[in-house]
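Trainee: Got a minute to walk me through this one? I'd like to get my bearings before I go back to the bench.

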Amino acid sequence: MGLMWSNADESSKIPNCLRHTCEQDEGMAGYGWASYDIRKGGVHIVNDTKNRVDLLVRYAKIQGSDSHEDWGLDVQILPRKDAPDHQETTAIFYIGIENFESKLRCKHGSDVPNQNKQASCDGVTQGLGDFNVRVIDHRPDEEPKTCTSVHSMTVPVDTIWKAKSILIDELVDKDRLISDSPGEGLVAPTVWRSAVPDNPGKGNLHFVQKTGKGKYGFDVLFSSKATATTVTPITVPKQKYVDFAKSLLSNLMGGIGFFYGTSKVDDSAAPEYAETERGFWEQAASARSHATVADKGPYRLFSSVPSRPFFPRGFLWDEGFHLQVILEWDMDLALEITSSWFNLMDENGWIAREQILGDEARSKVPPEFCVQYPHYANPPTLFIVIREFLTRLRSTNLYQGAPSRYLSDELTGQTLLKTLYSQMKRHYEWFRHTQAGNLTSYEIPPAGVQQGYRWRGRTPQHILTSGLDDYPRAQPPHPEELHLDALTWVGVMAMVLKDISEYLGNYRDNVDFTQQVDEIVRSIDSIHWSETDQVYCDTTVLDPGHVERICHKGYISLMPFVSGLMNSNHSHLESVLDLIRDPEELWSPFGIRSLSLKDNFYGTKENYWRGPIWININYMVVQRLWELAQQPGHLQQRALEIYVELRTNLVKTVFESWTKTGFAWEQYNPDTGRGQRTQHFTGWTSLIVKIMAMPDLQRGSQAQPAINQHGTNGSQDFGEF
């Protein structure tokens with residue numbers, strides 16, 4: 001199902017003005033959820049300046065019996081202030097079924113008294129059973145304000161997702177093309193209809209087109225015959241435009257979707273993919289160019305997305321950050337999404353870092369990025385989600401979200417945790433095996449075993465698998481280099497598994513994971529700490545047996561700190577805090593830079609992770625500072641001061657940019673605070689909601705649940721913003 005709209009003053013304008021998705025280059029002044037609750041519904045807005053029209057869509061859900069849900073849309077077409085009087089606008093609701101066994105038939109509602117502007121579709125599918133969808137004008141008993149066309153057709157099931165292209169083709173007046181033929185060798189100009197032909201009936205794709213002048217509206221009402229209720233025209237109370245935090249949370253929740261389809265996978269396991277030889281990136285590229293790519297699946301995924309218009313698919317390391325916000329509002333929803341991701345795991349423990357499922361998803365991705373590789377990893381942020389679940393399972397008073405069956409019944413929670421724990425251990429071992437580093441040139445100190453890891457998929461300019469893309473690394477790449485962030489992510493996994501094993505009473509596992517955490521902490525300090533630069537760094541091998549630390553101060557340098565692998569008495573903690581707060585290094589009035597201002601690579605080339613401010617890493621910094629500010633130690637006051645200042649700066653940055661532009665952004669300029677790159681990036685940028693909800697420690701507030709079912713919680717004191 002979907003909705004399209006266009007200016008319809010002239011039929012020839014419709015193909016170029018027709019909107020189906022909100023893209024950055026189409027003159028959108030703003031769009032997204034003003035409010036949204038996945039269990040109840042919400043309010044969605046679109047401000048389309050090029051078509052000079054705003055859309056206000058209210059969405060409501062009604063819980064029926066046997067877990068079936070009815071729902072309705074209240075669609076309002078509102079000309080903008082600069083629109084001419086009696087501007088004509090068309091809106092098209094469509095419904096399709098991608099299954100040969102399912103049935104769907106649409107008709108006009110002219111045989112229903114006072115409902116002559118109604119269209120009605122009856123269908124049956126295996127998952128939904130019998131259902132009905134009605135499209136009704138807001139005031140069907142008044143004089144006609146809109147014209148309604150119902151166009152039914154049968155198309156190949158694998159093309160239904162191309163509904164916009166199909167609609168545009170149906171708007172071509174083919175009869176006029178034939179009758180107005182200019183003669184042999186000449187091409188007749190395309191003649192466009194203002195509406196699709198009116199031919200309701202059977203089919204697997206149906207368009208219901210409403211065309212009217214000025215302001216008008218209609219309802220789309222879905223009723224399952226399995227429920228005891230019938231949805232009536234929506235009477236969702238009108239709401240004032242809600243505040244900044246609620247908007248971001250609503251758009252994150254509104255981006256949750258169900259994805260289904262095949263995935264392109266190269267499972268050739270070519271020996272070049274081990275990346276053990278010098279020049280390995282060229283050898284691996286050659287192997288990829290000759291590999292046979294297979295369609296695997298189909299798979300199904302329940303997930304949120306970073307940005308509905310630009311990144312409308314699941315990203316593994318993004319999802320762990322998204323769920324940090326969602327779990328505060330609805331723990332069971334967050335756990336359902338987490339389980340859906342872990343259920344994608346193969347027998348070895350691999351989860352593809354991008355879930356590009358089906359042709360529609362692949363149409364938004366360059367072909368060279370569609371293929372997934374079973375030796376490519378991604379930061380395992382879902383482990384942090386499970387740690388948050390465990391924390392609340394141990395102390396349920398920390399949660400004030402929607403009722404949770406996993407938290408209200410400890411046995412139910414433990415059962416889920418045991419299932420997840422088994423999957424997490426498998427992923428942990430897969431990660432350690434596939435991303436293992438070569439420690440041949442590294443001296444093993446008497447203290448014990450060292451651990452080291454290296455992201456696969458490395459090129460001279462990028463490590464996309466690390467999540468930090470173009471962040472500077474050793475040049476040239478070397479098969480014996482070790483990546484600090486890869487090691488710390490293994491440490492995060494080991495810490496979470498240690499805590500779960502303790503809670504579940506698996507003492508043998510607990511001893512093993514405790515030992516591994518200790519090894520990782522020692523390895524971070526012995527391999528990756530530079531006494532010269534007083535910072536944590538990647539390492540590489542310049543000559544046989546000669547190890548060099550490659551220090552690019554930035555987010556990677558902070559990984560041991562933000563991961564929680566440094567305690568409050570750590571000998572290097574003061575140096576890390578100095579780096580964070582130094583305005584000539586990472587500190588800016590708008591947040592923590594991704595790369596030091598002094599680094600030679602700062603702001604160069606793509607400038608993706610080479611200076612701009614990212615909210616996900618800033619959130620990790622703020623969270624760790626918050627924890628330190630509550631722990632006795634000689635740096636407690638320093639951590640408190642940085643926490644208070646950074647929290648304030650971040651909220652101001654995101655809020656002011658949102659106020660000026662109407663959007664949350666992928667990243668923020670470290671010199672101006674301006675939002676940049678992808679707009680409507682309501683994925684991990686929505687972590688600002690949790691930052692806002694953190695206590696104002698300067699004023700003595702205590703830690704509270706970050707988000708409850710009434711909105712944000714915490715100190716709630718944002719007068720300065």
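Trainee: In what order do the strands of the open sheet of 4 strands come?

Mentor: Keep in mind that we're looking at a predicted model. The pairing in this sheet is antiparallel. Strand 1 (2-7) and strand 10 (146-153) are the edge strands, each pairing on one side only. Reading across, the order is 1-6-11-10.

Trainee: And which residue in strand 6 is the bridge partner of G2?

Mentor: Strand 6 covers residues 88-96 and pairs with strand 1 in the antiparallel sense, over 6 bridges. For G2, the bridge partner in strand 6 is Y94.

Trainee: At about what angle does helix 2 run to strand 11?

Mentor: Helix 2 is residues 163-170, and strand 11 is 205-213. The helix lies across strand 1, strand 6 and strand 10 as well as strand 11. Its angle to strand 11 is about 65 degrees.

Trainee: Moving on to the cores, which residues have the most contacts inside the largest nonpolar core?

Mentor: That core has 172 residues, and helix 12 (residues 484-504) gives the largest share, with 13 residues. Take F561: leaving out residues up to four places away in sequence, F561 touches M566, L573, V576 and I580, among others. The residues with the most contacts inside the core are F561, I580 and W609.

Trainee: How many residues are in the other core, the one with A8 and I14?

Mentor: This core lies apart from the largest one. I160 and I166 are also among its members. Its count is 16 residues.

Terms used: Residues are numbered from 1 along each chain as its sequence is written. This is a predicted model: local features need pLDDT of at least 70, side-chain atom pairs count only at pLDDT 80 or more; totals for chains, interfaces and linings use all residues. Side-chain values use heavy atoms; hydrogens and water are left out. Two strands pair if DSSP finds at least two bridges between them. Helices (H or I, at least four residues) and strands (E, at least two) are DSSP runs, numbered from the N terminus. Contact means heavy atoms within 4.5 Å. Axes are lines fitted to C-alpha atoms, for helices over the stretch in contact, and angles run from 0 to 180 degrees between N-to-C directions. A nonpolar core is a set of buried Ala, Val, Leu, Ile, Met, Phe, Trp, Tyr and Cys residues joined through side-chain atoms within 4.5 Å. Buried means under 20% relative accessible area, exposed over 50%, partly exposed in between (1.4 Å probe, protein chains only).
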